[in-house]
Amino acid sequence: MNEDLDNHIHKLRLQHKISQQELADAIGVSRKTISTVETGRFTPSVVIALRIAAYFAIPVEQVFVLK
Amino acid sequence: MARSIAVLPETEHQYLTITGKISVVLAVFLFGQLCSEIVTGTDLVVNLILDLTIFVSVIYCIVLSVKSMKFAKHITRMGYWTLKFNDEYVDHVSSASLRATCHIMVVGAIFLAYSGDNRWFVELIAPFGLRDAIQMLLGLAVATHGALILWNLREEEHREEDNFDEELGNKKRGEEVIDE
């Protein structure tokens, strides 16, 4: 678990009304990856972070923030 | 020329889960054999239970191995043989479990290599022999490998369910507010 990193994926998903599975399918990862990134248990690579940001059409800094 | 396969992340997840189960079943088989050697000729019922456990573990291991072979067509050769996956979390779980297994094997092997034939060690592990100690080390390593995989993958399922319940609750509460 990365103590320095926070993310807004859960909030963004609720705003866009999409499930973890839908987001996972859209960016080509497993639902487990999204679930663990969302709960902060797993820190994704830059590629996944950028794909998530691109999906929500916002800069990556608005998805992931340093605490 | 290498085959190019479009591997689904869920397929990799299923394959790793089967690998974890095979490891746990293999550990049950190894520990069952060890226990069987101690209790041989003592208690008939215990012997019967242990023999049954070994038999079931062998059958289940074969069934799981056959199941895992079906994934050969749907997964990359690298993933199938070396447990290196494209999906990041699945690969993270696989790497972490292999790392733990490797550490157990290396530390255990160093210990057995240098102290395996020492008198105090032979007396300590009696009635087991050095071969049994190696078998125990192997059992411990595969048990750790399988348990870590199954634990990490299962734990996330609970968390996801929690998330979805929470989301559903929030949505329902939101709808109620709108109705009012």
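**Close-up views of a predicted two-chain model**

**View 1. The largest nonpolar core draws on chains A and B.** Ile34(A), Leu16(B), Val90(B) and Val93(B) touch the most other members of this 19-residue core. A nonpolar core is a set of buried Ala, Val, Leu, Ile, Met, Phe, Trp, Tyr and Cys residues joined through C-beta atoms within 7 Å; a residue is buried if 20 or more other C-beta atoms, placed from the backbone, lie within 10 Å of its own. Two or more residues come from each of helices H2 (20–27), H3 (31–38) and H4 of chain A and helices H1 (9–39), H4 (88–115) and H6 (130–179) of chain B. H4(B) supplies the largest share, three residues. Helices (H or I, at least four residues) and strands (E, at least two) are DSSP runs, numbered from the N terminus. The model is predicted: local features need pLDDT of at least 70, side-chain atom pairs count only at pLDDT 80 or more, and totals for chains, interfaces and linings use all residues. Residues are numbered from 1 along each chain as its sequence is written, while chains are lettered from A and ligands numbered from 1 in the order in which they are written.

**View 2. Leu16(B) and its contacts.** Beyond its neighbours within four places in sequence, Leu16(B) is in contact (C-beta atoms, placed from the backbone, within 7 Å) with Val90(B), Val93(B), Ser94(B) and Ile149(B). Another core, of eleven residues, lies apart from the largest one; Val28(B), Leu30(B), Phe31(B) and Val142(B) are among its members.

**View 3. Helices H2(A) and H3(A) cross.** Their axes, which are lines fitted to C-alpha atoms over the stretch in contact, come within 8 Å and cross at roughly 115 degrees. The angle runs from 0 to 180 degrees between N-to-C directions. H2(A) and H3(A) are therefore roughly perpendicular to each other, a class that covers 65 to 115 degrees. In this pair, Gln20(A), Gln21(A), Leu23(A) and Ala24(A) of H2(A) meet Arg31(A), Thr33(A), Ile34(A) and Ser35(A) of H3(A).

**View 4. Chain B meets chain A.** Each chain contributes 14 residues to the contact. On the side of chain B, H1, H4 and H6 each give two or more residues, and H6(B) gives the most, six. Chain B has six helices and zero strands.

**View 5. Confidence along chain A.** The mean pLDDT (the predictor's confidence in each residue, from 0 to 100) of chain A is 93. Among its elements, strand S1 (residues 5–7) has the lowest mean, 91, and helix H4 (residues 46–56) the highest, 96.

Conventions: Buried ≥ 20, exposed ≤ 12 C-beta atoms within 10 Å, placed from the backbone. Contact = placed C-beta atoms within 7 Å. Parallel < 35°, antiparallel > 145°, perpendicular 65-115°, else oblique.
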